[in-house]
Amino acid sequence: MSAPSIETIVSLAKRRGFVYPSSEIYGGLGSAWDYGPLGVELANNVRQAWWRWMVYERDDIEGLDSSIILNRLVWKYSGHEETFSDPLVDCRECNSRFRADKLDPEYGRTEEMAGGTMTFLEFHGDVIDCPNCGKRNWTTPRPFNLMFQTHVGAAAEIDAALGEYEPSSLVYLRPETAQGIFINFNNVLNTSRRKLPFGVAQIGKSFRNEVTPGNFIFRTREFEQMEMEYFVRPGEDEQAHQEWIDACHQWFINIGISPDNLRLYEQPKEELAHYAKRTVDIQYRYFPEREDEERNWDELMGIANRTDFDLRTHSKKPEDAEGKRLNPDSTEDLSYFDEQTKQRFYPYVIEPAAGVNRTVLALLMDAYSEKTNDKGETRVILKLHYSMAPIKVAVLPLAKNKPEIVGMAKAIKRSLQPLVRAVYDDTGGIGKLYARQDEIGTPFCVTVDHQSLEDEAVTVRDRDTWEQERVKVSDLSAYIRERLSPLAV
Ligand code: GAP
């Protein structure tokens, strides 16, 4: 089983310390969330597993950590200043604001006409009721750029007081990590002495002033991306693209997400970003409660064939038909010289781009299960893949008023902590402690009892089966390592 809805996870996440609403003591801030003690471990496990898989376990990928605030020109030439926007419409009656393409799925789509010409479909405001007041009195849709603006330098403050900023101080918080990779293409190429095909991976925060954030950590204005740009020779792009689609799909299964809750979505031509030749999304069943099965799914990651758009657009050499430089601001050419063929060209780019937060949400939803105990009570068990579990072992003393038992349990916890994330807990009866660990997905509970003082052995309880096994303390590290191996530690 998996969670019946995101709502089930919201309350579990807050109750157990995975994710809290941000700024709560001041009334909160819409769509901002803070990761608590367990959430930060789970998110770290996602990042580490992705990095290990993407960078360490391959021979052709390098890592990078570029700035969040880049030169504004990066976003001019990437196309974000002009096109990274959502169309907004206002209801003139009640002043509610909506995304035109959400109210009218036809809006903004291109339609192929006879003769091969394309035309944009208009907003059908005459037949769409305002979801708030029911009237049909709409403004014309207008673009709303999703990039957050800020201003750099001491002068910015004085300018702000005067109500006017010096235009050169304007910068954006990056809306994707990808551009930081493209502008460093020559740096990475020269310092790593790579040959095509090779990739550059990056994990980091991105920011989008989303018009309709929501659904917990699914869509927020501040989020984290795991992106990799894989540079290939033109002509080898289609095969590389398909290989990355298959590999990414398999990675989500490897970290414990059920294939039944994953699907591939081929973006139709009219949905493709301006730079993309083909994009396939990996979707997760985030909304199982929705009646219309098609609306159960939403994007977990996207895998795009970005062609040579990015390296070309940031290069100084390309010219238009009149011989005018397309990018008069760049000081570099990001083309690649192929020693084999003695040809120079702009590599194509395959981009697997996933969200840390959406992966965390998918893992929590997928791991959610319920089980009834002997007393007929329903217990929540978070059946996270061992590699993802925030805590691998909880050491529990059966009697917290017995110093020898407490001392032994604490010593066992200390002996395990160089190996795995282990905790000691004596804040309740054993039944309650087991239930708490089940609910946060801890694979093993180690219980120290009176007998342990005699036979130097402990009881190890399995999260999923509730079966118990007696293990010698001297064998415990090896036992845990064996059970968690090879991915978990
Ligand atoms: N460089 C390509 C790119 O940024 P994207 O599909 O816009 O592509 C990639 O973003 C991934 O980032 C998405 O699949 C999703 O997991 C995550 N993401 C995007 N916007 C998000 C948001 N507002 N909140 C949470 N995650 C988001």
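1. In this predicted model, an oxygen atom of the ligand is placed 2.8 Å from a polar backbone atom of L300. Taken alone, the ligand exposes 550 Å², of which the protein buries 90%. Two further polar approaches can be listed beside the one at L300: a nitrogen atom of the ligand lies 2.8 Å from a polar backbone atom of T220, and an oxygen atom of the ligand lies 3.0 Å from a polar side-chain atom of Q225.

2. The ligand is surrounded by 20 residues, among which E176, E210, T220, E227 and E299 come nearest. By residue class, the shell around the ligand divides into 9 charged, 7 nonpolar and 4 polar residues. As for the elements that contribute to this shell, at least two residues are supplied by each of β12 (222-232), β15 (298-305) and β18 (348-355).

3. Turning to H314, this residue sits in the loop that runs between α10 (309-313) and β16 (336-338). Its relative accessibility is 8%, and because buried means under 20%, H314 counts as buried. When neighbours within four places in sequence are left aside, the contacts of H314 include V74, Y77 and S78, also Q179, F182 and I183, and, further along the chain, N327, S330, E332 and L334.

4. The aromatic residues deserve a separate point, since a pair of rings is described by the distance of the centres and the angle of the planes. The structure holds 20 aromatic pairs. In one of them, Y336 and F345, the ring centres are 5.8 Å apart and the planes stand at 55°, so the pair is tilted. Both partners fall under the 20% limit for buried residues: Y336 has a relative accessible area of 4%, and F345 has a relative accessibility of 15%. Elsewhere, W53, Y230, W244, W251 and F252 are linked by ring pairs into a cluster.

5. Finally, Q451 belongs to helix α14, which spans residues 450-455. With 45% relative accessibility, Q451 counts as partly exposed, whereas H314 is buried at 8%. Apart from neighbours within four places in sequence, Q451 is in contact with E456 and R470. S330, one of the residues in contact with H314, provides a reference for the position of Q451: the two are 121 residues apart in sequence, and their C-alpha atoms are 73 Å apart in space.

Key
Residues numbered from 1 in each chain as written. Predicted model: local features only at pLDDT ≥ 70, side-chain atom pairs only at ≥ 80, totals over all residues. Heavy atoms only, no water. Near = heavy atom within 4 Å. Polar contact = N/O pair within 3.5 Å; in protein donor to acceptor, adjacent residues only side chain to side chain. Areas by Shrake-Rupley, 256 points an atom, 1.4 Å probe, with all protein chains shown as cover. Helix = DSSP H or I, 4+ residues; strand = E, 2+ residues; numbered from the N terminus. Nonpolar A, V, L, I, M, F, W, Y, C, P; charged D, E, K, R; others polar. Buried < 20%, exposed > 50% of the residue type's maximum accessible area, 1.4 Å probe, protein only. Contact = heavy atoms within 4.5 Å. Phe/Tyr/Trp six-rings, centres within 6.5 Å; stacked < 30°, edge-to-face > 60°.
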